[in-house]
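The following exercises concern a protein model that is predicted. Please examine the sequence and structure before reading the worked solutions.

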Amino acid sequence: MNRGIPALLLIGALLLPALAGVAAEPPTPTLEQEVADDTWAWHLPEPVASARTVRLKAVAGPRFRASEDWRERIARRVELTSKQFEADFAICLELGEVEPWDGVDEQGELSAAFHALWTRPDSSDADIIVAFLHTGHMSRTTKERADAESLGRASPFGRHIALRDTPELAAQMKIHTFVHELGHLFGALHSDDQRSLMHRYVTRDGGASFDLLNGERIWRAREFDFRGGVAALTGETVQGLGQLYEAGHRPDEENPVVMAWHNAGVELTVARDFEGALRAYDAALALDPDKATAHLNRGLILRELGRLTEAEAALRQALDCDSGVPGASINLADTLMRLGRVGDAIVEMERQIIRRPKDAPAWHLLGVARAAAGQIEEAIDAYVQAVVFDGSIALRPMLMPGDAATRARLSDEAQARVDAEPESGEARVRLGLLWRLQDQRLAGLTEAARGLELLGDYHGAALLCTSALSEAPDDRGLLHLSARLTLAAGRHDDAIHLFGDLVARDKTDAAAYRGLGDAYKAKGMLSTALKYYQQAQQHEPADE
Ligand SMILES: [Zn+2]
């Protein structure tokens, strides 16, 4: 089940595609094979009199449409899923529009596909929208057993289901997943009962019915108005569902009504309906006052609306519920800064750093707050820590008041430290930042990048190096650094190219020959490496 999008801050992260495993793919079975594979028995009691019809719209991804009979496949799956719901709850699925959908990368993560589906505009009058995707071979999925979470996604009392198809999956497991996700839409939770359709794992032989508790949950939510969303739940329904949740409490499962309100809050925030979003979070918190991310998201909205005192209260509540909730502390400190309470912001960031000593953004904000409070040297200490833990922070704006004489003195002291300890990455980062803060941006970034290289943060160093090269594309020191970092990142051929360019510019560049030697050595081409090492030696300044 989709656990809801935990916090607004994470929306962007959901869009990051995962690294897809590459493996040989078995052929997709024909529809006839799928139907023939449909051997398990549904138990079919007489449907109760007043049936409910759920109108369904289907969308199909590009790879799902690769087989010509994709529309028939969808119709067949809807029919079989409907059978189960008809038998158990007198809920019938009615297939309406079926249309192609190209707005998704089927190799990507299911969460990303689900998010794309969730935010896809839709003007149909369907109750629910189901996406059929074909993702090819998936690791850990077998003909016998698969994790339902890797095959389908739905959020409770939402309108969307994303289903993923893989060739190795038996037909009944595809239907089982569909039924399972539809169960989630009606508020069903995972069950420990291996025979239940709501068990976390979909197996070839297991799960032909719902467990009693989930059956009751679905029955209770049977008339749920998907188009009206969670706001359409009556007080009585909410109470009833709440009691069912309490009855079958598992520590790792959340109240689906709370999750539905929380998801509605995220959705309304994305649509910039802030007042509606605040009401949704209030409803979630009325049922679960300890839901930290609901407090956090309320706080972010209140800050956006300029209601800073209320924002502070909400963010403090988030931290009271869970001191580790990502983003609460730094957003609280930011809110305090906006309220002009610099001292309180410093206290909050120091508290956060005690909780998480390597929290680079917290160190950065601590630097900004200390600078605002006129604590110049302490501000620099904090900025250095921030960059040591995350090199990319060096590119962020840094507040640095104070008089020119103090800054010049600090630079001299930092320079003296670098002279005494040239291999200290931290000393070079400090010097680089001080230069940067005195408007010697290029020299500052270069020095900080050298520091990060010494600290082993090649990624951060490369970011600074790229930024500096955009201003000085012919700087030899930067080009050398860039080539070394490329080699350190394991991109041997790119590094050979960069060192080769340096040799082309200057045929006596010993360091560039040595770089070529290192790159070929890393590739295992030892005789070529040796040739370049010899050339390096010929041009080496004779100091040894
Ligand atoms: Zn599930």
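**Exercise 1: a pair of helices**

The axes of helix α18 (residues 425-437) and helix α19 (residues 441-455) come within 7 Å and cross at roughly 165 degrees. Determine whether α18 is roughly parallel or antiparallel to α19, and describe the contact between α18 and α19 by residue class.

*Solution.*

Step 1. Angles over 145 degrees count as roughly antiparallel. The crossing angle is roughly 165 degrees, and therefore α18 is roughly antiparallel to α19.

Step 2. The crossing in which α18 passes α19 is left-handed.

Step 3. Residues of α18 that meet α19 include V429, L431, L433 and W435. On the α19 side, the residues in this contact include L445, A448, L452 and L455. Sorted by class, the contact of α18 with α19 has 10 nonpolar, four polar and six charged residues.

**Exercise 2: an open sheet**

Establish the strand order of the five-stranded open sheet, and identify its edge strands.

*Solution.*

Step 1. The order is β2-β1-β3-β6-β5, with mixed pairing.

Step 2. β2 (91-100) and β5 (152-154) each pair on one side only, and these are the edge strands. On average, neighbouring strands of the sheet are turned by 20 degrees against each other, direction ignored.

Step 3. Strands β1 (residues 52-60) and β3 (residues 128-134) run parallel and are joined by five bridges. Here K57 stands opposite I129 in β3.

Step 4. Helix α4 (residues 110-118) packs on the sheet and touches β3, β5 and β6 (160-165). The direction of α4 makes about 140 degrees with that of β6.

Technical notes: Residues numbered from 1 in each chain as written. Predicted model: local features only at pLDDT ≥ 70, side-chain atom pairs only at ≥ 80, totals over all residues. Axes fitted to C-alpha atoms, helices over the stretch in contact; angles between N-to-C directions. Helix = DSSP H or I, 4+ residues; strand = E, 2+ residues; numbered from the N terminus. Parallel < 35°, antiparallel > 145°, perpendicular 65-115°, else oblique. Left-handed = near helix turned anticlockwise from the far one by under 90°. Contact = placed C-beta atoms within 7 Å. Nonpolar A, V, L, I, M, F, W, Y, C, P; charged D, E, K, R; others polar. Pairing = 2+ DSSP bridges.
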